[in-house]
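User: I'm new to this structure and would like to know why things in it get the labels they do. Could you walk me through it?

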Amino acid sequence: MTTKKGSTVSKKKIVVGVDGSESSKSALMWALELARVLDKRIEVVTVWEYPMMFGWEAGVFFQWTPEEDAKKALRNTLKELFGEDIPQEITTSTHRGNATVALLDASKSADLLIVGSRGRGGFSGLLLGSVSAACAERAKCPVLVVHGSKS
């Protein structure tokens, strides 16, 4: 990015959306490889929302803490991919809200946004999920949509 005075400022960050799906794990592995080549750090973003509930069933979930579940899922994903040796260039954050909105917001301060082509929800036959499609269309930085596994 170039400022008005002509000096170059680097954001030095790759943002990757991780929801525990195989697609998002592949996105994280691509992010790690690119971060090392490009000398960038990685911000792993996990987003959670309260489910929409109606009726008395909602009372069962008052003891449930989705933010803690999201943090645990993120830790488990990192442990699955890296064991106890999580690469030093990785930082993590969890956000409450809509995944598309959170990733688009994170793209404002990133050099690159990486997402998997399909997350946990939706229809498996679609080429892109709603989050990856929206990010590819509206992000404030380049977007890499990862299809398949990183091998």
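Analyst: Among contacts in the chain between residues at least 6 apart in sequence, 74% join residues at least 24 apart. Keep in mind that this is a predicted model.

User: What order do the elements run in from the N terminus on?

Analyst: They go β-α-β-α-β-α-β-α-β, with four helices and five strands in the chain.

User: Why are H3 and H4 called roughly parallel to each other?

Analyst: The axes of H3 (residues 99-107) and H4 (residues 130-138) cross at roughly 30°. Angles under 35 degrees count as roughly parallel, so H3 and H4 get that label. Their axes come within 9 Å, and the crossing is right-handed.

User: Which residues make that contact of H3 and H4?

Analyst: On the H3 side you'll find Ala99, Thr100, Leu103 and Leu104, and on the H4 side Ser130, Val131, Ala134, Cys135 and Arg138. Sorted by class, that's six nonpolar, two polar and one charged.

User: And what makes H1 and H2 oblique to each other?

Analyst: Here the axes of H1 and H2 (residues 66-82) cross at roughly 60°. Roughly parallel needs an angle under 35 degrees, roughly perpendicular takes 65 to 115, and roughly antiparallel is over 145. The angle of roughly 60° fits none of those ranges, so H1 and H2 count as oblique. The axes come within 11 Å, and this crossing is right-handed.

User: What meets what in H1 and H2?

Analyst: Lys25, Leu28, Met29 and Leu32 in H1 meet Thr77, Leu78, Glu80, Leu81 and Phe82 in H2. By class, the contact has six nonpolar, one polar and two charged residues.

User: Why does Ser21 count as buried?

Analyst: Buried means under 20% relative accessible area. Ser21 has 8% relative accessibility, so Ser21 is buried. You'll spot Ser21 in the loop between S1 and H1 (22-38).

User: How do you know that the side chains of Ser21 and Asp19 share a polar contact?

Analyst: The cut-off is a pair of N or O atoms within 3.5 Å, and the contact joining these two side chains is 2.6 Å.

User: Which residues in H3 are buried, and what covers them?

Analyst: Thr100, Ala102, Leu103, Leu104, Ala106 and Ser107 are buried in H3. The cover includes strands S1 (13-17), S2 (41-48), S3 (90-96) and S4 (112-116), along with H4.

User: What caps the N-terminal end of H3?

Analyst: That's Asn98, with a side-chain oxygen 2.9 Å from the backbone nitrogen of Thr100.

Note on methods. Residues are numbered from 1 along each chain as its sequence is written. This is a predicted model: local features need pLDDT of at least 70, side-chain atom pairs count only at pLDDT 80 or more; totals for chains, interfaces and linings use all residues. Side-chain values use heavy atoms; hydrogens and water are left out. Axes are lines fitted to C-alpha atoms, for helices over the stretch in contact, and angles run from 0 to 180 degrees between N-to-C directions. Helices (H or I, at least four residues) and strands (E, at least two) are DSSP runs, numbered from the N terminus. A crossing is left-handed if the near helix is turned anticlockwise from the far one by less than a right angle, and right-handed if clockwise. Contact means heavy atoms within 4.5 Å. Ala, Val, Leu, Ile, Met, Phe, Trp, Tyr, Cys and Pro count as nonpolar, Asp, Glu, Lys and Arg as charged, and the others, Gly among them, as polar. Buried means under 20% relative accessible area, exposed over 50%, partly exposed in between (1.4 Å probe, protein chains only). A polar contact is a pair of N or O atoms within 3.5 Å; within protein, one must be able to donate a hydrogen and the other to accept it, and residues adjacent in sequence count only if both atoms are side-chain atoms.
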